[in-house]
Amino acid sequence: MTIETIAIEGLTTPVSRIGLGTWAIGGWMWGGTDEKESIAVIRRALDSGVNLIDTAPVYGFGASEDIVGKALADGYRHKAVIATKVALEWHDGAVFRNSSPARIRQEVEDTLKRLRTDYIDLYQVHWPDPLVPIEETAQVLDDLRKEGKVRALGVSNFSPAQMDAFRRVAPLSATQPPYNLFERDIDRDVLPYAKRHGLVALAYGALCRGLLAGRIGVETRFEGDDLRLRDPKFREPRREQYVAAVKALNAFARDNFDKPVLALAVRWVLDRGPTIALWGARRPAQLDGIDDVFGWRLDEKAFRQIDAIVANFVKDPVGPEFMAPPQRVLVA
Ligand code: NAP
């Protein structure tokens with residue numbers, strides 16, 4: 001099955017509408033990871049037609065970017081579109097927003113070294129930093145673009161007003177918000193904005209941190225620093241509601257499309273607009289279902305049926321807000 005692609009302004013290569021998410025590959029907040037398996041996942045993604053690899057310095061405090069760099073050495077770099085991020089700093093495991101020009105100048109060099117490359121395809125501001133004017137951040141990023149270190153610019157977790165501020169100074173090609181059939185706040189503002197201004201939306205959490213892959217039950221346990229231990233969707237009484245919804249969505253997908261719920265969840269993201277679904281994986285077998293996503297579509301009736309299933313089971317919905325990192329505390 002041929003993978004669907006989409007154009008991102010500033011990039012010459014068409015980008016696959018599934019991107020590999022490599023947060024879990026960094027280990028931090030996902031209960032650890034294995035480097036050999038991680039490299040195998042990245043190469044498996046590329047071999048399956050997924051050319052977009054999304055990473056960030058903060059994922060494993062350099063570990064995810066480093067593993068992506070190792071996986072793309074030996075002739076794989078030209079096959080990949082690397083999307084990484086900037087403007088989160090960390091100290092002793094605590095993470096803060098920092099999008100100051102000085103921080104960005106330092107981070108880009110560290111990132112290029114870890115990725116073992118001399119350019120980044122898509123460079124995204126990870127979270128807006130209320131302590132730095134967006135125009136200043138946009139200016140330094142545009143300078144990096146003109147210097148050839150970066151090919152296209154993106155933002156993540158930005159509101160339309162924040163994107164307006166960015167776009168007054170620099171060309172913006174993409175936005176990266178949370179989006180899946182349980183977490184759809186962006187339908188109200190960010191997605192219409194992306195459509196209006198020609199941005200591609202890289203939807204993160206498309207599988208809702210694994211829930212929509214269909215293998216998590218009420219009894220599933222998470223280990224160590226796994227973020228799902230803090231995720232209100234994975235705690236009772238909500239866990240039971242979400243797991244029941246996934247079971248019903250799986251039956252719906254099987255009966256109507258002969259597909260599993262994972263394919264339905266990714267298709268749902270792709271059929272909503274100019275989107276890419278980020279698919280987090282840390283074992284090659286977790287990408288087995290890529291082909292199931294293509295060659296069919298959801299229509300308006302199917303969207304309504306999915307809405308009804310979600311509303312029927314999820315009585316107490318909650319979003320992904322628990323993930324937002326704090327701003328810096330300025331000491332006088
Ligand atoms: P996700 O894609 O919603 O879920 C990833 C998890 O789903 C995997 O780690 C795996 O969990 C499970 N999974 C994947 N395929 C599976 C399969 N075939 N069968 C069973 N389980 C499967 O979560 P995410 O990693 O949070 O989001 C994806 C990417 O978006 C991230 O990696 C990152 O690149 C990006 N992201 C960005 C932001 C931001 O602020 N910009 C925030 C969050 C994420 P297990 O391995 O535990 O089974």
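The exercises below concern a predicted model, and each is followed by a worked solution.

**Exercise 1.** Classify the ring pair formed by Trp 23 and Trp 30, and state whether each residue is buried or exposed.

Solution. A search of the whole structure finds eleven aromatic pairs. In the pair of Trp 23 and Trp 30, the ring centres are 5.7 Å apart and the planes stand at 80°. Planes over 60 degrees apart count as edge-to-face, so Trp 23 and Trp 30 form an edge-to-face pair. For burial, the cut-off is under 20% relative accessible area. Trp 23 has 17% relative accessibility and is therefore buried. Trp 30, with a relative accessible area of 12%, is buried as well. Ring pairs also place these two residues in a cluster with Trp 28, Tyr 59, Phe 61 and Trp 90.

**Exercise 2.** Classify the pair of Phe 222 and Phe 234, and work out which parts of the chain the pair ties together.

Solution. The ring centres of Phe 222 and Phe 234 lie 5.5 Å apart, with the planes at 80°, so this pair is edge-to-face. Both residues belong to the loop between strand E11 (200-203) and helix H7 (238-257), so the pair ties together parts that are twelve residues apart in sequence. Phe 222 counts as buried at 14% relative accessibility, and Phe 234 counts as buried at 4%.

**Exercise 3.** Find which arginines lie over the face of Tyr 119, and give their distances from the ring centre.

Solution. Arg 77 lies over the face of Tyr 119, at 4.1 Å from the ring centre. Arg 151 also lies over the face of Tyr 119, at 3.7 Å from the ring centre.

**Exercise 4.** Describe the largest cavity by volume, by lining residues and by residue class.

Solution. The count comes to one cavity of 30 Å³ or more. The volume of the largest cavity is about 50 Å³. Its lining consists of Ser 99, Val 125, Pro 128, Asp 129, Val 132, Ile 134, Thr 137, Phe 158 and Phe 166. Sorted by class, the lining has six nonpolar, two polar and one charged residues.

**Exercise 5.** Compare the settings of Glu 107 and Lys 247: in which helix is each found, and is each buried or exposed?

Solution. Glu 107 is part of helix H3 (residues 101-115). With 2% relative accessibility, Glu 107 is buried. The side chain of Glu 107 reaches the backbone nitrogen of Ala 87 at 3.2 Å. Lys 247 is located in helix H7. With a relative accessible area of 66%, Lys 247 is exposed. Between Lys 247 and Arg 215 the C-alpha to C-alpha distance is 9.5 Å, and the two are 32 residues apart in sequence.

**Exercise 6.** Examine the backbone at Asp 92, Arg 209 and Pro 237, and place each residue in its loop.

Solution. Start with Asp 92, a residue other than glycine whose phi is positive, near 50°. Asp 92 sits in the loop between strand E6 (88-91) and strand E7 (94-97). Its relative accessible area is 86%, so Asp 92 is exposed. Next, Arg 209 is not a glycine, yet its phi is positive at about 55°. Arg 209 is placed in the loop between E11 and H7. The relative accessible area of Arg 209 is 7%, so Arg 209 is buried. Last, Pro 237 also lies in the loop between E11 and H7. The peptide bond joining Glu 236 and Pro 237 is cis, with omega about 10°.

Notes
Residues are numbered from 1 along each chain as its sequence is written. This is a predicted model: local features need pLDDT of at least 70, side-chain atom pairs count only at pLDDT 80 or more; totals for chains, interfaces and linings use all residues. Side-chain values use heavy atoms; hydrogens and water are left out. Rings of Phe, Tyr and Trp (its six-membered ring) pair if their centres lie within 6.5 Å; planes under 30 degrees apart count as stacked, over 60 as edge-to-face and the rest as tilted. Buried means under 20% relative accessible area, exposed over 50%, partly exposed in between (1.4 Å probe, protein chains only). Helices (H or I, at least four residues) and strands (E, at least two) are DSSP runs, numbered from the N terminus. A charge sits over a ring if NZ of Lys or CZ of Arg is within 6 Å of the ring centre and within 35 degrees of the ring normal. On a 1 Å grid over the protein atoms alone, a cavity is a set of points where a 1.4 Å probe fits but cannot get out, and a pocket is an open set with protein on both sides within 12 Å along at least five of seven lines; lining residues have an atom within 4 Å of a point. Grid points are joined across faces, edges and corners, and a volume is the space filled by probe spheres set on the points. Ala, Val, Leu, Ile, Met, Phe, Trp, Tyr, Cys and Pro count as nonpolar, Asp, Glu, Lys and Arg as charged, and the others, Gly among them, as polar. A polar contact is a pair of N or O atoms within 3.5 Å; within protein, one must be able to donate a hydrogen and the other to accept it, and residues adjacent in sequence count only if both atoms are side-chain atoms.
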